[in-house]
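Thanks for making the time this morning. I would like to walk through one model with you, going from the surface inwards and then back out to the charged pairs. Please keep the sequence and the structure in view while I talk.

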Amino acid sequence: MDKAWQDVLDRFSYGIYLVTVLSPEGFNGMIASWVTQCSHEPPRVALAIRKSRLCHEQIRESGTFCINVLPRESAERIRQFKIADWRKKFDACSYSPSPSGLPILDDCIGYLDCTVDHTIGTGDHTLFIGTIQSGGMILSGTTAPLTTADYGGVYRGDK
């Protein structure tokens, strides 16, 4: 099948977020871009995670996740969340616990603490629908969020 449609999808604009989770072995975090609000009442977000990712299993088991909205200036620094040893991802950053105990980066724009209400298999990803339990702004002002335009790459869903 010709994948010319991929060139179109590559031009979609997404935010770049840090999704944090707690497992019995500790905190984990992953960079995610397929995140969107999907309901106002009740307040819900949708998060697509590749089924082969460790965070996928950890979110499925814990039933919780926290979305950190990242500032544009964090593009280089957040690459630490791509390291192989997931238990060391938070070693070089400052964070505080969310009301449910998940990491919130001290320099993020804001966060949404969520519980999983629904999951939808969408092929090689799962769409986690989460109800927002709490959230808030961390940085005040008009800090611009990190987007795919700033991050220097496009996630094609195949890694």
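Lys88 is partly exposed, with a relative accessible area of 48%, and this is a value from a predicted model, as is everything else I will say today. Lys88 sits in the loop between β5 and β6, and if you look from there towards Glu25, you will find that the two C-alpha atoms are 12 Å apart in space although the residues are 63 apart in sequence.

Staying with the surface for a moment, there is a nonpolar patch made of Trp5, Val8, Leu9 and Phe12, which together have about 360 Å² of accessible area. Of these, Leu9 belongs to helix α1, residues 4-9, and with a relative accessible area of 33% Leu9 counts as partly exposed.

Let me now go inside. Which residues touch the most other members of the largest nonpolar core? They are Ile16, Leu70, Ile78, Phe81, Leu105 and Leu146, out of 17 residues in that core. Ile16 is a good one to select on screen, since, once its neighbours within four places in sequence are set aside, its contacts include Leu70, Ile78 and Leu146 from the residues I just named, and also Ile31, Ala32, Ser33, Thr147, Thr148 and Tyr151. A second core, separate from that one, has 15 residues, among them Tyr17, Val35, Phe65 and Cys114.

Next, strand β1, which covers residues 17-23. Is this strand largely enclosed or largely open? Six of its seven residues are buried, and β1 is therefore largely enclosed by the rest of the structure. As for its pairing, β1 runs antiparallel to strand β2, residues 26-32, with seven bridges between them, and the two form a hairpin in which two residues separate the strands. At that end of β1, Ser23 stands opposite Gly26 in β2. β1 also pairs with β5, again in the antiparallel sense, through four bridges, and here Thr20 has Cys66 of β5 as its bridge partner.

Helix α2, residues 54-62, has Cys55, His56, Gln58 and Ile59 as its buried residues. To put that spacing in context, an α-helix has 3.6 residues a turn, so residues three or four places apart point the same way. What covers these buried residues of α2 includes β1, β2, β4, β5, β8 and β9, the last of these being residues 125-137. After the helix comes Gly63, which has a positive phi, near 75 degrees.

While we are on backbone geometry, I would also point out the peptide bond from Glu41 to Pro42, which is cis, with omega near 0 degrees. Pro42 lies in the loop between β3, residues 35-39, and β4.

That brings me to the charged pairs, and a search of the whole structure finds six salt bridges; I will take three of them in turn.

In the pair I would like to show you to begin with, Asp117 and Arg44 meet through their side chains at 3.3 Å, N to O. Asp117 lies in strand β8, residues 110-121, and Arg44 in strand β4, residues 44-50, so this salt bridge ties together parts that are 73 residues apart in sequence. Asp117 is partly exposed at 34% relative accessible area, and Arg44, at 22%, counts as partly exposed too.

Another pair is Asp107 with Arg77, whose side chains form a salt bridge at 2.9 Å, N to O. What does this pair tie together? Asp107 lies in the loop between β7, residues 103-105, and β8, while Arg77 lies in the loop between β5, residues 64-69, and β6, residues 95-97, so the parts joined are 30 residues apart in sequence. Asp107 has a relative accessible area of 32% and is partly exposed, and Arg77 is also partly exposed, at 28%.

The last pair I will mention is Arg79 with Glu76, where the closest N and O atoms are 3.5 Å apart. Arg79 is partly exposed, with a relative accessibility of 30%, whereas Glu76, at 59%, is exposed.

I will stop there and take questions.

Terms used:
Residues numbered from 1 in each chain as written. Predicted model: local features only at pLDDT ≥ 70, side-chain atom pairs only at ≥ 80, totals over all residues. Heavy atoms only, no water. Core = buried A, V, L, I, M, F, W, Y, C linked by side-chain atoms within 4.5 Å. Buried < 20%, exposed > 50% of the residue type's maximum accessible area, 1.4 Å probe, protein only. Contact = heavy atoms within 4.5 Å. Salt bridge = Lys/Arg side-chain N within 4 Å of Asp/Glu carboxyl O. Pairing = 2+ DSSP bridges. Patch = residues over 30% accessible without salt bridge, like charges linked within 9 Å, V, L, I, M, F, W, Y side chains within 5 Å. Areas by Shrake-Rupley, 256 points an atom, 1.4 Å probe, with all protein chains shown as cover.
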